[in-house]
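Let's take a look together at how the parts of this assembly meet. Have the structure open as you read.

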Number of protein chains: 2
Amino acid sequence: MYELLHQRISEIITVTDEEFEFCKTLFQPKKLRKKQFLLHEGDECRYTAFVEKGILRTFSIDEKGNEHILQFAMEGWWVADLYSFLTNEPSTYNIEALEECELLLITKPSWDLLFEKIPAFEKYFRIILQNSLIATQRRLMGSLSESAEEKYEKLVAAYPTHLQKLPQHMIASYLGITRETLSRIRRNIAMRK
Amino acid sequence: MYELLHQRISEIITVTDEEFEFCKTLFQPKKLRKKQFLLHEGDECRYTAFVEKGILRTFSIDEKGNEHILQFAMEGWWVADLYSFLTNEPSTYNIEALEECELLLITKPSWDLLFEKIPAFEKYFRIILQNSLIATQRRLMGSLSESAEEKYEKLVAAYPTHLQKLPQHMIASYLGITRETLSRIRRNIAMRK
DNA sequence: GCTATTTCTTATCATGTGTCAATGGTGCCT
DNA sequence: AGGCACCATTGACACATGATAAGAAATAGC
């Protein structure tokens, strides 16, 4: 159950077996079935989750009822509403399993304890956050400067395998366009070949 | 010169006077005049800068020659192209002073040394990165879901004072719209009052 | 103070994307 | 197998925003 977590951590910092054993005690395993929620809008985000298996999405719903996907969480990734997790404010996001998922959950108190007992985790999460920030900034710049078609083609180029698991309308809402527009873009691309 | 840096660090972690003296030795002060660049596209980002005074912008230029502003760096903020700084790859961004600036620069080797000698800085930057990521995710969601007018009004609500220093066309390129569209939006808002 | 830039506004027209509505697939479930 | 959600596609139309061009206003330099 903790293999992937152990592997991902070891790629970035070195932890002794003893430390990792302690680390394990801070997490609680949780399974979600397809379409179950880890977090509902309005609730406080009590856990940060490590994805051992499966895929989730973080999304919000605007006044018109349209969904907007902030991110997909793949195997080996972390997922939470950071703001709500850190401040205990109600979340504006939903986090939903897109397939059967196996998660490792950690609460805020345990998370604080982890940093206190094993300071190397400060570094681990600093680096995780660095990479997330870089990726999010790239996506933001794309969103500001690229057409819908460019955004789609870059996404396909970057995540060819991951995308195959996802329905079109979710890809559209990740790109910030409607499913109809995505459909037209795909037709144009197909016709040009 | 180092007052603001000291203050900002002390808000998040505790450092002894001795530690801060060491910290100071790792930075080099640098002044930029208006329109001078800290980083040019294509160069590697050799420094992360702390803004003691002034304002800078990080932006890129697309194939059509349009500028897109990733962020403004205000007093007390950090600025760099993180990706280029960490990997030594050439940067895709420009960083330009919008007014006279006083900066404190740190190189990658010094930055690594800082973490090694004073591990509390891991925590400091973890928290800085957390906040940046939260802010960037918010902006991304806004960019995916809001109209140009909503984005502008939220920006005005969030940074009423900062905005007054900035020319309209830069606000437009931060919002991902043209200056003409921003001009129309402002007229509409003014007419409604 | 006066030109010379730069910045901002306005008008017209073009276009990409959204909206709405209808149709056709595809797989799931007892 | 049939019925039922869910999903993808398509067409007609609307609308927000971009593109281009021109002029007005503000700012900087001498």
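Of the 16 residues around DNA strand D, which come nearest? In this predicted model, they are Pro167(A), Gln168(A), His169(A), Ala148(B) and Thr181(B). Both protein chains offer elements here: helix H8 (168–175) and helix H9 (179–192) of chain A, along with helix H6 (148–158) and helix H9 (179–192) of chain B, give two or more residues each to the surface near DNA strand D. With six residues, H9(A) gives the most to that surface.

Now turn to the other strand. There are 17 residues around DNA strand C, and the nearest of them are Ala148(A), Thr181(A), Pro167(B), Gln168(B) and Ser183(B). On this surface, helix H6 (148–158) and H9 come from chain A, while helix H8 (168–175) and H9 come from chain B, each supplying at least two residues. H9(B) gives the most to the surface near DNA strand C, with six residues.

Here is how the residues divide by class, with the protein contact included:

| Surface | Nonpolar | Polar | Charged |
|---|---|---|---|
| Near DNA strand D | three residues | six residues | seven residues |
| Near DNA strand C | three residues | six residues | eight residues |
| Side of chain A that touches chain B | twelve residues | nine residues | five residues |

Finally, the protein chains themselves: their contact takes 26 residues from chain A and 26 residues from chain B. On the side of chain A that touches chain B, strand S5 (67–73), helix H3 (82–87) and helix H5 (120–145) give two or more residues each. H5(A) provides the largest share of that side, 17 residues.

Notes
Residues numbered from 1 in each chain as written. Chains lettered and ligands numbered in written order. Predicted model: local features only at pLDDT ≥ 70, side-chain atom pairs only at ≥ 80, totals over all residues. Near = placed C-beta within 6 Å. Helix = DSSP H or I, 4+ residues; strand = E, 2+ residues; numbered from the N terminus. Nonpolar A, V, L, I, M, F, W, Y, C, P; charged D, E, K, R; others polar. Contact = placed C-beta atoms within 7 Å.
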